[in-house]
Amino acid sequence: MRAIYATDLSAASEAAIENETCLDYLRRVGVDEIHLVTVVPSNVHSGMPGMDFEGRRRRALERYRDVMEDAGFEVEAHVVRGTPHRRINGIAESVRAELTIVGSRGQSPLENRVIGSTARNLARTTVVPLLVNRVERATDEPEVVREHLFRRVLYATDFSENAERAFEAFSYLRHATEEATLVHVESPKDPVDDPEAQLSEFAERLEDWDIDTRIELRYGDAADEILDVEESVTPTTTLLGSRGRSRLRRLLLGSVSEEIVARAAGNVYLVPPPRTA
C-alpha cells in the first residue's frame with residue numbers, strides 16, 4: 001500500500017512520524033511505501049529574515065526519511081509550494097496513493113496552525129482514505145494521543161453506499177484490530193429499516209475475523225452522538241465515510257465527518273467516495 005505522509009515540520013508532525021508504534025501499525029495494515037510531503041505556503045519565503053527555512057526543512061526531511069527507512073518503508077520526499085490540502089491531494093492522485101496521513105495539529109515556522117486546518121480541509125476534499133493522527137495540543141513536546149492506531153475501532157455508519165465502503169476498510173485494518181464498536185445514529189428525517197439488524201450483520205462479519213465487537217444504536221445529532229460513544233469506549237481510531245445519504249451528499253456523514261475530524265479525542269480514519277476516472 002502506498003501512503004502520503006504530510007508534515008509541516010512541526011513538533012506535532014515529528015511526534016507522529018517518529019512514533020514506532022504508529023509506524024508498526026501502518027506496516028500491519030499493508031503500508032510499504034511512503035511519500036513524505038511538506039507544503040510551503042505561498043506566503044512563506046525562504047529568504048525571510050531570521051528564518052533558516054530551507055536548512056530546517058532539509059534536515060527534518062532527512063531525519064524523517066531515515067526513521068521510516070529504518071522501519072522498513074520505501075520513502076520518497078516531496079517539497080512543493082501552494083495551498084496545503086490542494087497540493088497533498090494532487091500528489092496523492094499523481095502517485096496513486098491509497099492512504100493520506102496527516103497530524104491533527106501542528107504549527108508552521110510562522111506559528112500558523114497549518115496542519116490543524118489542513119486536516120479539516122482534507123476531510124472535505126480528500127481523494128483517498130485519510131488518517132488523521134491525533135497529537136497532543138498546547139505542549140512543547142507533544143506525543144501521539146492514541147498510538148495503537150487500529151487496535152480499537154469505532155465505526156460510524158448511516159448505511160449509505162459510502163459508509164459501507166468505509167466498512168470494507170476492515171478487510172485490511174483487521175490485521176491490526178482487536179476490538180470494534182459499531183454505531184448508527186437514528187434520524188427521524190432519514191429513517192433506516194431495522195438498523196439494529198444491519199449493525200448485527202456487520203458485527204457477525206467482524207466476529208468471524210476474531211474481532212471482539214459491540215453495537216450501539218443512538219438517537220439525536222449524529223456528530224454529538226458519535227463523539228459521545230467515542231468518549232465512552234475510547235477507541236484508538238474512529239472510522240467513517242465522508243459522504244452520507246442526503247441528496248446534497250452532506251446531510252449526514254458528509255458534514256459530520258468534518259465535525260468528527262475537528263472534535264474527536266482520538267484518531268480518525270475517513271473513507272471518501274471512489275476516484276472518478
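This report describes the fold, the confidence and some selected elements of a predicted model of one protein chain.

## The chain as a whole

The chain contains 10 helices and 10 strands, and buried residues make up 53% of its 277 residues. Among the contacts in the chain with a separation of 6 or more, 78% are accounted for by residues that stand 24 or more positions apart. The surface that the chain exposes comes to about 12,600 Å², and carbon and sulfur atoms supply 42% of that area.

## Confidence in the model

Because the structure is predicted, each residue carries a confidence value, the pLDDT, on a scale from 0 to 100. The mean pLDDT of the chain is 84, and 84% of its residues reach 70 or more. In the chain, confidence is highest in strand β6, at 97, and lowest in helix α5 (residues 114–125), where the mean is 73.

Two stretches call for particular care in reading. Over residues 106–115 the pLDDT is below 50, although this stretch has 32 contacts in the model beyond near neighbours in sequence. Over residues 244–253 the pLDDT is also below 50, and that stretch has 24 contacts beyond near neighbours in sequence.

## Strand β2 and its partners

Strand β2 (residues 33–40) is mostly covered, with 7 of its 8 residues buried. On one pairing, β2 is joined to strand β1 (residues 2–6) by 5 bridges, and the two run parallel; in this pair, Y5 has L36 of β2 as its bridge partner. On another pairing, β2 is joined to strand β3 (residues 74–81) by 8 bridges, again in the parallel sense, and here the bridge partner of H35 is E76 in β3.

## Strand β7 between β6 and β8

How enclosed is strand β7 by the rest of the structure? Of the 8 residues of β7, 7 are buried, so the strand is largely enclosed by what surrounds it. β7 pairs with β6 in the parallel sense over 5 bridges, and V153 stands opposite A180 in β7. β7 also pairs with β8 in the parallel sense, over 8 bridges, and in this case E186 stands opposite Y219 in β8.

## Helix α8 and its two sides

Helix α8 covers residues 195–208, and at 1.5 Å a residue its 14 residues should span 20 Å, which agrees with the 20 Å between its end C-alpha atoms. The buried residues of α8 are P195, L199, F202, A203 and L206. Seen down the helix axis, the buried residues of α8 fall within an arc of 105°, so they line one face of the helix. A general rule helps in reading this pattern: an α-helix has 3.6 residues a turn, so residues three or four places apart point the same way.

The face of α8 turned away from the buried side carries the exposed residues E201, E204 and D208. What covers the buried residues of α8 includes the strands β6 (152–156), β7 (179–186) and β8 (212–219), together with the helices α6 (161–167) and α7 (170–173). Just after α8, D210 takes a positive phi of about 65°.

## L239, a buried residue in β9

L239 lies in strand β9 (residues 237–241). Because buried means under 20% relative accessible area, L239, with a value of 0%, counts as buried. Leaving aside its neighbours within four places in sequence, L239 is in contact with V153, L154, Y155, A156, A166, A169, F170, L173, Y269 and V271. One of these, A169, is 70 residues away from L239 in sequence, yet the C-alpha atoms of the two are 8.7 Å apart in space.

## Two loop residues with positive phi

Most residues other than glycine have a negative phi, which gives a background for the two residues described here. R96 has a phi near 60°, a positive value in a residue other than glycine, and its place is in the loop between α4 (84–94) and β4 (99–103). F159, which is not a glycine either, has a positive phi of about 65° and lies in the loop between β6 and α6.

Is each of these loop residues buried or partly exposed? R96 is partly exposed, with a relative accessible area of 49%, whereas F159 is buried, with a relative accessible area of 7%.

Definitions and conventions: Residues numbered from 1 in each chain as written. Predicted model: local features only at pLDDT ≥ 70, side-chain atom pairs only at ≥ 80, totals over all residues. Heavy atoms only, no water. Helix = DSSP H or I, 4+ residues; strand = E, 2+ residues; numbered from the N terminus. Buried < 20%, exposed > 50% of the residue type's maximum accessible area, 1.4 Å probe, protein only. Contact = heavy atoms within 4.5 Å. Areas by Shrake-Rupley, 256 points an atom, 1.4 Å probe, with all protein chains shown as cover. Expected span 1.5 Å × (residues − 1). Arc of directions from axis to C-beta. Pairing = 2+ DSSP bridges.
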